[in-house]
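Trainee: Could you take a close look with me at a single part of this model? I would love one connected walk through a sheet and what packs on it.

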There are 2 protein chains.
Amino acid sequence: MKIPGKIAITTPVFFLILFLLNISSFKMTEQKIENPVNTEEHIKIAQLIVQTALRERKGYEYLRELCKIGPRLSGSETSLKAINWAYEKMKSLGFDSVWLQPVMVPHWKRGNVASCNIVGVNKKLSILALGGSIATSPEGITAELIEVKSFEELSDRKHEVKGKIVFYSRGLDQSQLNTFTAYGGAIKFRTQGAIEAAKYGASGVLIKSLTTKYDNNPHTGVMSYVDSIPKIPVAALGFLDAELLSQELKQNPHLKINLKLNCETLPDAKSFNVIGEIKGTEYPDEIILVGGHFDSWDVGDGAHDDGAGCMMTLEVLDLMKRLDIKLKRTLRCVLFINEENGTRGAIEYANYALTSPQIHFVVIEADRGAFTPIGFYAETDSTEILNKLQNWLPILENANIEWIRKGGSGVDIQKIKNARLRLGYVPDDQRYMDIHHSANDVFEEVHPREFELGAAAISIMAYLLSEEGL
Amino acid sequence: MKIPGKIAITTPVFFLILFLLNISSFKMTEQKIENPVNTEEHIKIAQLIVQTALRERKGYEYLRELCKIGPRLSGSETSLKAINWAYEKMKSLGFDSVWLQPVMVPHWKRGNVASCNIVGVNKKLSILALGGSIATSPEGITAELIEVKSFEELSDRKHEVKGKIVFYSRGLDQSQLNTFTAYGGAIKFRTQGAIEAAKYGASGVLIKSLTTKYDNNPHTGVMSYVDSIPKIPVAALGFLDAELLSQELKQNPHLKINLKLNCETLPDAKSFNVIGEIKGTEYPDEIILVGGHFDSWDVGDGAHDDGAGCMMTLEVLDLMKRLDIKLKRTLRCVLFINEENGTRGAIEYANYALTSPQIHFVVIEADRGAFTPIGFYAETDSTEILNKLQNWLPILENANIEWIRKGGSGVDIQKIKNARLRLGYVPDDQRYMDIHHSANDVFEEVHPREFELGAAAISIMAYLLSEEGL
């Protein structure tokens, strides 16, 4: 083969070379492992974490214990029992420090009346008041319905609304691949539906449950009022009864329903974030925070939402203890109270973080259920940080982590503005909206392996962040 | 900025450029889309397929119908009823051709006796005969046990085996990330356990169920005998009772059990593969085959294994009909009979494929359950083909396909040696071994969205293979 000693190179070729160099260096950055020796060591630790979690299923058993206490709506008696249980659990596991951070939380009670009958027909519809709704009068609201699929349709028909119950029958767009996207496209009917309907004189609101499951367990969730517009009662209909009601309205547009709710908002109640930590050996003032929200809705067990996030992140610390892995940075688990209807716990913690002399190095939230892990969202604009995290994929894939992408982290940790990086743990989402905010969200719906892989994935991420830094 | 008109370039730099060009062209091949216009068009079609599948959930409803018929063990009456149902279903959906391919299959019957008692204790253990096992005498085998965790341990203790029942108590290694890997590490006790035990004079065999679920439903599956070694009865113990038996043996190593089975192998029975197809518009003699195995074990519904694979691939053709997508190549769905205990259907079809003038262009099997899609295994050594398939990931990701990797395809289609390419559909595996070959494998364990995404993923792959070729 003849090899040229020198080649004349023209301007376009020069740019081509620059371009190719660029592509290559970009690809190299994405794929290279900065320190192959460490990577091998890290993979061993990662595998040890995964194997231990899968074999022992301890966090899963902690979740079972937690779910037995009852649901954990902010201000409720069972939420305080659960807070005490979590505090004692962290102590018993031997964390270096465990404490409660007091915070006043909203105290809404569902009451014991929630009925919705089609007048003149022996048909009770399955409903749940939305969180924050006012009560009806004891005899309830008896009114015709106006069914709409959008706020635009409501506005177009505003002259028909007065005195009626607005029925938002859109529900989730079932054809969406990602169920959080589907949820995002419909949540406004739950959060803003009462305000929009009351603007035009409606007497109440029903929404089709935001669910991917075609059953009849209604899905609750927080709703809003504004002081300038009358407050009207709001409830979610079970998916099947919402479908049935739509059918009935086609037959008889003037049918009336009677809606009764006796929920009430009590004065704010004292509650707590539960916090436990293991001190770092080299940088004890740099915090890797992992956590979820400890409150839940008052139906089901709050197992996936977000008992699982709490127990997975609690197990992160527990796994380090069980495996005697001593991290350079301090590993802190925070169980935030009141994410569902106020985020008071998150606000309290964020204020504390802002004034604390400690550095909130990285904060990680798990609040998307405990299904099979797939990735992490990184709330950052830094491609350098993203690349660094992506370099760890060969280590993280031992816990089934397929990707790290730019994306939202979590409702609680978003408030910790002085954290260097916020990460959201992302498991598979196909089943999540089946159970979310409903009686379906029970311990039995959590799969032990999926849960434990989540605990392992977050553990490995926390371990790498602590040992490798950013 | 000053731009050089000409640059002198030395030999090492020349090689550097060649190297970079190489890296770049390699990267480009991996990631580029050959025809961007087509890709956009393909993504539209892919999204249409996904949205339609998720919205309509039709294949999922076909699976519900199928599961109502009963389990489909080869040779059983319900398997023939189900074959007839599938044939009529394909006809009713308007496929161009639908036919049955006759084949003789093994006909093993479980019988109605399966008991396992600890002698002298009022404790019945939960068991299922393994598929193919012989019966015990009517009074059963009463014998001591020898518990082993490996064939090596059995061989080391061969002088203790005579007359005893060998108890393989290893089960799955629960610490494995991938449950198929865990299964692969333990399946030999089920398939070879009787042969190894009988070599040393054992009277029977019990194995701990190959499961990731800590319940008491035993998991069956095929086992083997060889003519040169005595045949002894074999059964699987429920996971919890296997654990209990290990505990009891620690207390009392000489405890005896009484094992009774009355299974029998009848003469081979007539059965059928069910085949339906839609003719290609340009290359009708080039076949894209999709399918699963239609037989199941005789406990549960055979819902995930492999009713789901059959109904997902049947829905591939149905989706093309519903969406009026006319493919260039012929799309054929084959429901193979007898994968579980003989693969006679696969052998029959493979022989037919070998002598058929038609080209088996690509064959795709779905036999790993109907959980959330994650990838496809391609049984190929061609990096060119792998790259081509990987180029389609931006299209396939609309059905949640994250990767295409080299790997095994499926037990049935592996026999079709003259296919240009064999692909295996890969969903998430964390829950699969919970249900596999047990009474847990019922329709209710199949999630409609996960199922439909599988149907959509295979549809998109079949569509791309047909329209783009290889």
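Mentor: Happily; here is the open sheet of chain B and its helices. This is a predicted model, in which local features need pLDDT of at least 70, side-chain atom pairs count only at pLDDT 80 or more, and totals for chains, interfaces and linings use all residues. Residues are numbered from 1 along each chain as its sequence is written, while chains are lettered from A and ligands numbered from 1 in the order in which they are written.

The open sheet has 8 strands in the order β2-β11-β13-β12-β14-β17-β15-β16 (chain B), and its pairing is mixed. Helices (H or I, at least four residues) and strands (E, at least two) are DSSP runs, numbered from the N terminus, and two strands pair if DSSP finds at least two bridges between them. At the edges stand β2 (97-109) and β16 (403-406) of chain B, each with a single partner strand, so one side of each has no neighbour in the sheet. On average, neighbouring strands of this sheet are turned by 25 degrees against each other, direction ignored.

Let's follow β2(B) inward: it pairs with β11 (residues 264-278) of chain B in the antiparallel sense over 12 bridges. Within β11(B), B:S271 is the bridge partner of B:V103. Helix α9 (residues 303-322) of chain B packs on the sheet, touching β11, β12 (283-293) and β13 (329-336) of chain B, and its direction makes about 150 degrees with that of β12(B). Contact here requires C-beta atoms, placed from the backbone, within 7 Å; axes are lines fitted to C-alpha atoms, for helices over the stretch in contact, with angles from 0 to 180 degrees between N-to-C directions. Helix α10 (residues 344-355) of chain B lies across β2, β11, β13 and β14 (359-365) of chain B, at about 140 degrees to β2(B).

How values were computed: Two residues are in contact if their C-beta atoms, placed from the backbone, lie within 7 Å.
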